[in-house]
Amino acid sequence: QARPSVFLLFAGQGSQHPGMSKSLFATQPSFRRHIEYCEAALEPVLPRRLTDILYGPDSAELLREPRFAQPAIVALEYALHELWRTWGVTPTVMLGHSLGEYAMAIAAGVLTPEDGLRLVAKRAELVQQRCPDGRMLAVRGALGAVREWIEEIGGTLNAAAVNAPDAVVVSGSVADIDRLAAALGKRGVRHQALETTRAFHNALLAPVVAAVILSKGVEKNA
């Protein structure tokens, strides 16, 4: 009968979809208040309103683009955490997966919502502007087997995340992911494309690092 421990995992990009949390926004004042708070914080750095990205008529298209999807996901996860707090759910431990690390840091008080959201928005803008198109593929298979399949295709592919002993996410260029998906289809291996236009956790994101280093150098010289 002891109060159970609560562990929260803040998810990364890839599972977002149009209308997510729409019923909470319509029925839960606390959730709506925090989404509107995040919308105001993002207004100076985001060309579209947060509520349009989440619930608007072109939400499906916007949520595929990192520039819009990433701040929307972090805002949603922060608002959801605050809603659970009003229900008396206080986590013992919080973890963040990939992009979810930013939402976790905001929920834990490491970053203010304003700083965290604007950091994510700027990061996402750099990804959008500097990195080539890419894709990510969730593959049902053990890491060793997935690596063998990756080696057969070669190119830009790499194992981007291991979510379970038999669940691996692969990232790479559009062409390489398409070739891998075709090969997996012939083998009868289950796989599913993630909703993203970039290859995260992949060397294809290196231009973002170069852009940050360049901006730091400019600031130092100034």
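**Pockets and overall form of a predicted model**

**View 1. The lining of the largest pocket, by residue character.** In this predicted model, the residues that line the largest pocket divide into 11 nonpolar, 10 polar and 3 charged. The space in this largest pocket comes to about 500 Å³, and of the 24 residues that line the pocket, Gly12, Gln13, Gly14, His97 and Leu194 are the closest to its centre.

**View 2. Helix and strands at the largest pocket.** At least two residues of the lining of the largest pocket come from each of helix 6 (100–107), strand 3 (134–140), strand 4 (158–164) and strand 6 (191–193).

**View 3. The second largest pocket.** About 320 Å³ of space lies in the second largest pocket, which is lined by 16 residues, and the closest of these to its centre are Leu9, Ala11, Leu76, Glu77 and Leu80. Strand 1 (7–10) and helix 5 (66–86) each supply at least two residues of this lining, and helix 5 gives the most, with 6 residues. By character, the lining of the second largest pocket divides into 9 nonpolar, 6 polar and 1 charged.

**View 4. The setting of the pockets in the whole protein.** The protein has 10 helices and 6 strands, and its C-alpha trace spans about 60 × 50 × 35 Å along the principal axes. Because a compact globule with 222 residues would have a radius of gyration near 17 Å, the 19 Å of the protein agrees with that form. Buried residues make up 43% of the 222 residues, while the protein exposes about 11800 Å², of which carbon and sulfur atoms supply 55%.

Definitions and conventions
Residues are numbered from 1 along each chain as its sequence is written. This is a predicted model: local features need pLDDT of at least 70, side-chain atom pairs count only at pLDDT 80 or more; totals for chains, interfaces and linings use all residues. Side-chain values use heavy atoms; hydrogens and water are left out. On a 1 Å grid over the protein atoms alone, a cavity is a set of points where a 1.4 Å probe fits but cannot get out, and a pocket is an open set with protein on both sides within 12 Å along at least five of seven lines; lining residues have an atom within 4 Å of a point. Grid points are joined across faces, edges and corners, and a volume is the space filled by probe spheres set on the points. Helices (H or I, at least four residues) and strands (E, at least two) are DSSP runs, numbered from the N terminus. Ala, Val, Leu, Ile, Met, Phe, Trp, Tyr, Cys and Pro count as nonpolar, Asp, Glu, Lys and Arg as charged, and the others, Gly among them, as polar. The radius of gyration is taken over C-alpha atoms; the globule rule is 2.2 Å times the number of residues to the power 0.38. Buried means under 20% relative accessible area, exposed over 50%, partly exposed in between (1.4 Å probe, protein chains only). Accessible areas come from the Shrake-Rupley method with a 1.4 Å probe; for residues, only the protein chains shown count as cover.
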